[in-house]
Amino acid sequence: MIEYLSLFLFLAAVLVLLMGYSVAFSLAGTGLLFAAVGAATGHFDAVFLEAIPNRLFGIMNNEVLIAVPLFVFMGVMLEKSKIAEELLDTMASLFGPIRGGLGISVTVVGMLLAASTGIVGATVVTMGLLSLPTMLRRGYDPQVATGVICASGTLGQIIPPSIVLVLLGDVISSAYQQAQIDQGIFSPETVTVGDLFLGALIPGLLLVLAYILYLVYKAVAAPETVPAIPEEDRGSRAELPGKVMKVLLPPIMLIGLVLGSILGGLATPTEAAAVGAVGAIVLSMFKRSFNLKVLNEVMRSTTQVSSMVFIILVGASIFSLVFRGYGGDDLVREFLTDLPGGVWGALVVVMLVMFLLGFFLDFIEITFVVVPIVAPILLTMGLDPVWLGIMIALNLQTSFLTPPFGFALFYLRGVAPESIATMQIYKGVIPFIVIQLCMLGLLAAWPSLATWLPEVVYG
C-alpha cells in the first residue's frame, strides 16, 4: 500500500507544475513535503534524506555536465554573431527558384544551427524574426510557414552536439550501470555522451530529409501554399556559389571541429564543448561582432540557462530520492514487467507516457524525473542503451511542438505578427509531429539506425 503513495507524489508534482510554480522548487518542495509527512506518519524512512548531500556533490563533481554551459555559451555567441541571418539569406537565394524552396532553406538552416548551437529557443526566435515575414510576403500558407519554422528549430534536440543528448547521456549512463549491477554484473560497461551523439546522427539527418520531402509533397499537391520566389527578386546567380561557400564554410568548420574531435576520440564532449566555445568567439571576431557588451550578454544568458538546468537537476534528484523511498521504482518495475508483450509492451507504454507528458512538461523535467525511473527497468529487460537513449530523445523532441505547452510554439508566438492566429501555429506543427512519430516508429523497427554508427566507430 505504501508504494501507491509514490503515485500520489508524482501526481502532486505534476499538479503543482501545472499551477505554474517553478519547476526545480516544485519538484524539491513536493518531495520534501511528502517525505516530512511520511516520516511523521511512519510511512517513510527519513534515512533516505541523508543521501541528498552525496547526490548534490555528485552533480557538482560530474565532469560531463560541464559541457552544458560550454555548449550554451557557443550557441548564444553564434546567435549574436549574425550567422543565422547570413545563412537564411544565402539558402533562400539557393533554393528560392523552386516551389517550397524557402521552407527547404529554413529546414537546412535549422539543421546547421542545430549542429552549431543546439539551442531551440534561440533558433526558433531567430528564424521567426528573419524568415517568417519573408515567407508570408511571398505567399506561403501561414500554417506551413509556422510549422516548418517550429519543427526546424527543434532539430537542436536530436542533431549533435545537443544539450538534450548531453543531459540524457549522463542519465542513461547511470541507468545502464545500475541495470547491470541489478543483473549481478559488477564490472559494468559504460555508455557515453559520444555514443549518443553518434547514434543520433543518422536519425537526425533522416528527420531533416523527411521534413524536406514533406515540403516537396506540398509543392506538388498544393503549390499555391509554397510558391517560388519570383525571378526578378532572386538576385545574381553568378555570385551565388562564392557567397554560399563564404557563408557555409565557417559554421561547417566549427561543426567539424567539435563533432570531429568527439567522434574521432580526440576529445571528450566537455573538451569539445570548450573548443566550440572558443571557436564561436573566433568566428564572432571574424564577423566583427565581438566586443565586451556582446561578451557580457552571452555570459549572462549562459549563466541563466545553465543555472536553470542545474537547479532543476537538484530538485529532480531530491524528488527521485523520495520517490524511491516510497518504493515507487519497485511499483513501476512490477507494472512494466507484468505488461502483456514483454519488453516491447513496456517500451510502448513508456514511450506513450513520455509523449503525453510532453504536452504539459518540459523535456528537462521528463529527462531528470521520468527517465531515471524507467530506464534502468527497460535496460534490465535487455534493450540497447544507445538505441533507448535516441528513442527517448526523439520522443522528447515532440514536447517542444505539442500544444498547449510546446515551448517552440510559445517562442514563435512571441515574435510572429498579430495576423497569425495561435490556432494556425498549432495546426501548422501537426504534420511535423506526425513525421517525428513516424521517425520514432522507423527507429523502433530498425534499431541499427542508432546502433550501427557507434559500433563502426568505437567497435
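This is a short tour of one structure, stop by stop.

The model is predicted, so local features need pLDDT of at least 70, side-chain atom pairs count only at pLDDT 80 or more, and totals for chains, interfaces and linings use all residues. Residues are numbered from 1 along each chain as its sequence is written, and side-chain values use heavy atoms, with hydrogens and water left out.

**Stop 1: helix α10**

Select residues 163-182, which form helix α10. Helices here are DSSP runs of H or I with at least four residues, and strands are runs of E with at least two, numbered from the N terminus. The expected span of a helix is 1.5 Å times one less than its number of residues. For the 20 residues of α10 that gives 28 Å, and the end C-alpha atoms are 29 Å apart, which agrees.

Is α10 mostly covered or mostly open? It is mostly covered: 15 of its 20 residues are buried. Buried means under 20% relative accessible area, exposed means over 50%, and partly exposed lies in between (1.4 Å probe, protein chains only).

Now pick alanine 175, which lies in α10. Its relative accessibility is 3%, so alanine 175 counts as buried. Add isoleucine 377 to the selection. The two residues are 202 apart in sequence, yet their C-alpha atoms are 8.5 Å apart in space. Then step just past the end of α10 to glycine 184, which takes a positive phi of about 85 degrees.

**Stop 2: the second largest pocket**

Keep α10 in view. A pocket is an open set of points on a 1 Å grid over the protein atoms alone, with protein on both sides within 12 Å along at least five of seven lines; lining residues have an atom within 4 Å of a point. A volume is the space filled by probe spheres set on the points, which are joined across faces, edges and corners.

The second largest pocket has a volume of about 580 Å³. Its lining has 20 residues, and the closest to its centre are Arg55, Asp170, Ser174, Ser317 and Pro372. Select those five. Next, colour α3 (52-60), α10, α14 (292-325) and α17, since each supplies at least two lining residues. Which element gives the most to this lining? It is α10, with seven residues.

The lining divides into nine nonpolar, eight polar and three charged residues. Nonpolar covers Ala, Val, Leu, Ile, Met, Phe, Trp, Tyr, Cys and Pro; charged covers Asp, Glu, Lys and Arg; the others, Gly among them, are polar.

**Stop 3: the second largest cavity**

A cavity, on that grid, is a set of points where a 1.4 Å probe fits but cannot get out. The structure holds two cavities of 30 Å³ or more. The second largest has a volume of about 50 Å³. Select its lining: Phe10, Ala13, Val14, Leu17, Leu27, Leu361, Glu365 and Val369. Two elements give two or more residues to it, α1 (4-18) and α17 (363-380). The most come from α1, with four. By class, the lining has seven nonpolar, no polar and one charged residues.

**Stop 4: helix α14 and the rings**

Go to phenylalanine 319 and phenylalanine 323. Both lie in α14, four residues apart, about one turn of the helix. Both are buried. Their rings form a stacked pair, 6.4 Å centre to centre with 20 degrees between the planes. Rings of Phe, Tyr and Trp (its six-membered ring) pair if their centres lie within 6.5 Å; planes under 30 degrees apart count as stacked, over 60 as edge-to-face and the rest as tilted.

The structure holds five aromatic pairs. Also select Tyr211, Tyr214 and Phe432, which ring pairs link into a cluster.

Serine 307 lies in α14 as well. At 40% relative accessibility, serine 307 is partly exposed. Its C-alpha atom is separated by 43 Å from that of isoleucine 229, 78 residues away along the chain.

**Stop 5: helix α4**

Select residues 67-80, helix α4. The 14 residues should span 20 Å, and the end C-alpha atoms are 20 Å apart, which agrees. Ten of the 14 are buried, so α4 is largely enclosed by the rest of the structure. Among the buried ones are Phe71, Phe73 and Met77. Just after α4, lysine 82 takes a positive phi of about 65 degrees.

**Last stop: two cysteines**

How many disulfides are there? The count is zero, where a disulfide is a pair of cysteine sulfur atoms within 2.5 Å. Select cysteine 150: its sulfur is 19 Å from the closest cysteine sulfur, in cysteine 438, too far for a bond. Cysteine 150 is buried, at 0% relative accessibility, while cysteine 438 is exposed, at 51%.
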